[in-house]
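Subject: Handover of a structure, with notes

Dear colleague,

Please find below the structure that I am handing over to you. My notes on it follow, and I would be grateful if you read them with the structure open.

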Amino acid sequence: MGIIGAGPAGLLLSRLLQLHGVDTVVLESRSRDYVEARVRAGILEQHTVQTLRDVGVGERLDREGLPHDGIYLQHPGTRHHLNFEELCGRKVWVYGQTEVVKDLITAQLDDGPPLLFGVSHVTPEDVDGGAPRIRFTDADGVAQVLECDVVAGTDGFHGVSRPLVTAGTSGRLWERTYPFAWLGILADVAPSADELVYAWHPEGFALLSMRSPSVSRLYVQVDPAEKIEDWSDDRIWDALSTRLAVDGWSLRTGPVTEKSILPMRSFVSAPMRRGRLFLAGDAAHIVPPTGAKGLNLAVADVTLLAQALVRLLTEKQTDLVDTYSDKALARVWRCTHFSWWMTSMLHRHGDDFDAELQLSQLRRVCSSEAAARELAENYTGLAVDL
Ligand code: APR
Ligand code: PHB
């Protein structure tokens with residue numbers, strides 16, 4: 001198998017296949033340092049945690065990850081705890097995607113199949129036939145050809161795989177760009193709450209998250225045209241303090257170690273397969289970060305894909321590869337809806353009428369067990385095969 005891209009999707013797929021005796025080569029255009037330094041989201045669903053344990057990379061996660069029973073939902077005057085354990089018997093873990101990627105890379109380089117960083121000109125060929133290949137230039141500048149049975153396009157939103165699938169199928173794309181963005185910071189300060197706080201506020205959404213008992217991760221809603229230079233650390237802390245305020249609580253501040261503005265979009269590309277080229281993760285779909293679904297959705301995709309490919313390559317049965325795209329997309333659309341719904345409920349947009357609708361929805365989730373359970377089930381992760 002040729003796997004293009006060493007994000008969480010490609011690395012985990014390689015690991016899952018290795019455990020079933022399928023040989024893989026992972027090709028990554030960036031350097032190891034670059035891939036390990038990218039700051040991404042940090043909430044893992046129960047299924048994601050279990051999968052990482054099952055493939056032998058759960059040790060540091062079990063030591064350093066923070067299990068959370070729920071989240072807080074807030075609107076001015078009220079901070080309400082939703083207990084996922086009570087609502088649906090599942091929890092989530094705080095553990096940065098960056099750490100997941102580091103653990104997968106370490107395992108792969110220790111005892112796994114080849115993982116090549118710094119490759120360029122990656123070009124899958126003949127994916128419609130039974131013997132595709134990937135041409136690429138290795139880090140030393142030498143042209144190479146990888147002959148393989150199957151190609152996995154796990155090369156993210158800007159990769160080369162999706163355009164090939166779109167060009168060779170009667171596929172479709174759906175896209176929504178939201179009229180707001182997140183300004184996110186990492187700060188060396190103990191989190192000011194025991195679990196995540198999602199706050200609606202007239203001045204815009206804010207999120208209190210964390211990476212460890214001594215590192216906070218926080219976000220404020222900003223206009224997508226905002227420039228990061230216009231947001232001093234003091235301005236960011238002021239916005240966070242205002243938007244997250246509740247009586248009797250205060251926000252701890254500390255040195256900011258990273259800050260950036262993230263655009264928000266929903267994007268789905270179908271189908272997720274062309275012949276022997278299969279897409280998984282951000283190569284096929286993007287969700288806005290409000291429901292923390294991006295990484296978890298990539299893990300669900302590769303769980304389904306690994307099962308299908310093992311069946312194809314070791315039992316020569318095509319049934320699971322034939323249903324892969326439809327099954328994966330059913331879950332993709334569920335998560336796309338959930339992420340859109342959380343985003344729409346929590347971000348300030350529109351007029352006062354929209355604001356009252358949002359507040360009504362928030363009060364409903366905080367007062368109806370049925371409404372809270374619907375959020376809890378989606379947030380903690382639905383079954384991989386819906
Ligand atoms: N050749 C080789 N590698 C490539 C190419 C290419 N042409 N194009 C992109 N890549 C690499 C990128 O450098 C990146 O390391 O593919 C990898 C894709 O990784 P991610 O973008 O992390 O995507 P994915 O593995 O699907 O992870 C899912 O979850 O939280 C979300 O968006 C977040 O990255 C996250 C995603
Ligand atoms: C994060 O910690 O980066 C994070 C947490 C929850 C989200 C999104 C991002 O919904």
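**The largest cavity**

The largest cavity has 13 residues in its lining, and those nearest its centre are A41, G42, I43, L207 and Y219. Two elements, β15 and β16 (215-222), each give two or more residues to this lining. The largest share, 3 residues, is that of β15. The volume of the largest cavity is about 100 Å³. Please keep in mind throughout that the model is predicted. Over the whole structure, the search finds 2 cavities of 30 Å³ or more.

**The second largest pocket**

The second largest pocket holds about 220 Å³ of space. It is lined by 15 residues, and G96, T98, E99, K102 and R211 are the closest to its centre. Which elements give two or more residues to the lining of this pocket? They are α2 (32-37), α4 (59-64), α6 (97-111) and β15 (206-212). Helix α6 provides the largest share of the lining, with 3 residues. Strand β15 therefore deserves your attention twice, as it is listed for the lining of the second largest pocket and for that of the largest cavity, where "strand" is meant as a DSSP run.

**Aromatic rings**

A pair of aromatic rings is described by two values, the distance of the centres and the angle of the planes. In this model the count of aromatic pairs is 10. One of them joins F84 and Y379, with 5.2 Å from centre to centre and 35° between the planes, and this pair is tilted. It links distant parts of the chain, since F84 belongs to helix α5 (residues 84-88) and Y379 to helix α12 (residues 369-380), 295 residues apart. Are F84 and Y379 buried or exposed? Both are buried.

The two residues also belong to a wider group, as ring pairs link F84, W182, Y198, F205, Y219 and Y379 into a cluster. Y219 from this cluster is also among the residues nearest the centre of the largest cavity.

Charged side chains sit over rings as well. K293 lies over the face of Y379, 5.9 Å from the ring centre. The charged end of R30 is placed over the ring of Y34, at 4.1 Å from its centre.

**Two histidines**

H285 is part of strand β20 (residues 285-286). Why does H285 count as buried? Its relative accessible area is 2%, and buried means under 20%. The side chain of H285 makes a polar contact with the side chain of D301, at 2.6 Å. Setting aside neighbours within four places in sequence, H285 is in contact with F267, V268, M272, L297, D301 and V332.

H201 lies in the loop between β14 (197-199) and β15. H201 counts as buried because its relative accessibility is 13%, and the cut-off is under 20%. Its side chain reaches the backbone nitrogen of E203 at 3.0 Å. Apart from residues up to four places away in sequence, H201 touches P76, T242, R243 and R348. In contrast to these contacts, the C-alpha atom of H201 is separated by 43 Å from that of L16, which is 185 residues away along the chain.

I suggest that you begin your own reading with the cavity and then turn to the rings.

Yours sincerely,
A colleague

Methods. Residues numbered from 1 in each chain as written. Chains lettered and ligands numbered in written order. Predicted model: local features only at pLDDT ≥ 70, side-chain atom pairs only at ≥ 80, totals over all residues. Heavy atoms only, no water. Helix = DSSP H or I, 4+ residues; strand = E, 2+ residues; numbered from the N terminus. Buried < 20%, exposed > 50% of the residue type's maximum accessible area, 1.4 Å probe, protein only. Polar contact = N/O pair within 3.5 Å; in protein donor to acceptor, adjacent residues only side chain to side chain. Contact = heavy atoms within 4.5 Å. Phe/Tyr/Trp six-rings, centres within 6.5 Å; stacked < 30°, edge-to-face > 60°. Lys NZ or Arg CZ within 6 Å of the ring centre and 35° of its normal. 1 Å grid on protein atoms, 1.4 Å probe; cavity = no way out; pocket = protein on both sides within 12 Å on 5 of 7 lines; lining within 4 Å. Points joined across faces, edges and corners; volume = space filled by probe spheres on them.
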